[in-house]
Amino acid sequence: MDIIKKDRLISAGIDVDGVLERFMGNESLLERMLKKFVSDGNYARLLTAVEQKDPEEALRASHTLKGLCGNLSMTALLPLFTRQVELFRAGDPEGAYGLLPEITTAYLRVIEAINSLTA
């Protein structure tokens, strides 16, 4: 991975060195997994669940995204999804829903950085 692409991912909140260590240095695996993250439907599920005020479905989507972000060392998104899951589990769906603007900003930054890998 060239330094410009790596810097874009780091700037978006991805611990590239950490995830590469987990992937035993396999950069092509990292790029494939990042592209799968882009096409994953859980963010759309989360948005729909929040719009429909369905905290159970929102929790499922948020929890799945938390796991994906942890596996991919997405240090900007992981704490946001962790907090959202905690709020859902604590019975505070409105508080969890309230994190969505911050989550969306970080999510879109990550997606843009991943999409730039093919540019």
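**Close-up views of an eight-helix model**

In the protein, 62% of the contacts with a separation of 6 or more are between residues 24 or more positions apart. The model shown in every view is predicted.

**Figure 1. The whole protein, with eight helices and zero strands**. Read from the N terminus, the elements follow the order α-α-α-α-α-α-α-α. Along the principal axes, the C-alpha atoms occupy a box of roughly 45 × 25 × 20 Å. The radius of gyration of the protein is 14 Å, which agrees with the value near 14 Å that a compact globule of 119 residues would have.

**Figure 2. Surface and interior of the protein.** Of the 119 residues, 39% are buried. The protein has an accessible surface of about 6300 Å². Carbon and sulfur atoms contribute 54% of that surface. The protein carries 14 positive and 17 negative charges, and the mean position of the positive charges lies 4 Å from that of the negative charges.

**Figure 3. Residues 44-107, the annotated segment**. An unreviewed UniProt entry gives these residues the annotation "domain: HPt". Within residues 44-107, helix accounts for 80% of the chain and strand for 0%. The C-alpha atoms at the two ends of this segment are 11 Å apart.

**Figure 4. M24 in the loop between α2 and α3**. Helix α2 spans residues 16-22 and helix α3 spans residues 27-39, with M24 in the loop between them. M24 is not a glycine, yet its phi is positive, near 50°. Most residues other than glycine have a negative phi. Is M24 buried or exposed? M24 has a relative accessible area of 79%, and the cut-off for exposed is over 50%, so M24 is exposed.

**Figure 5. S73 in the loop between α5 and α6**. This loop joins α5, residues 55-71, to α6, residues 78-89. S73 is another residue other than glycine with a positive phi, here near 55°. Is S73 buried or exposed? The relative accessibility of S73 is 8%, and buried means under 20%, so S73 counts as buried.

**Figure 6. M24 and S73 shown together.** Both residues have a positive phi, near 50° in M24 and near 55° in S73. M24 is exposed, whereas S73 is buried. Each residue is in a loop: M24 between α2 and α3, S73 between α5 and α6.

Notes
Residues are numbered from 1 along each chain as its sequence is written. This is a predicted model: local features need pLDDT of at least 70, side-chain atom pairs count only at pLDDT 80 or more; totals for chains, interfaces and linings use all residues. Side-chain values use heavy atoms; hydrogens and water are left out. Helices (H or I, at least four residues) and strands (E, at least two) are DSSP runs, numbered from the N terminus. The radius of gyration is taken over C-alpha atoms; the globule rule is 2.2 Å times the number of residues to the power 0.38. Buried means under 20% relative accessible area, exposed over 50%, partly exposed in between (1.4 Å probe, protein chains only). Contact means heavy atoms within 4.5 Å. Accessible areas come from the Shrake-Rupley method with a 1.4 Å probe; for residues, only the protein chains shown count as cover. Lys and Arg count as positive and Asp and Glu as negative; His and the chain ends are not counted. The place of a charge is taken as NZ of Lys, CZ of Arg, CG of Asp or CD of Glu. UniProt positions are given in the numbering used here, feature names are shortened, and annotations may be inferred rather than shown by experiment.
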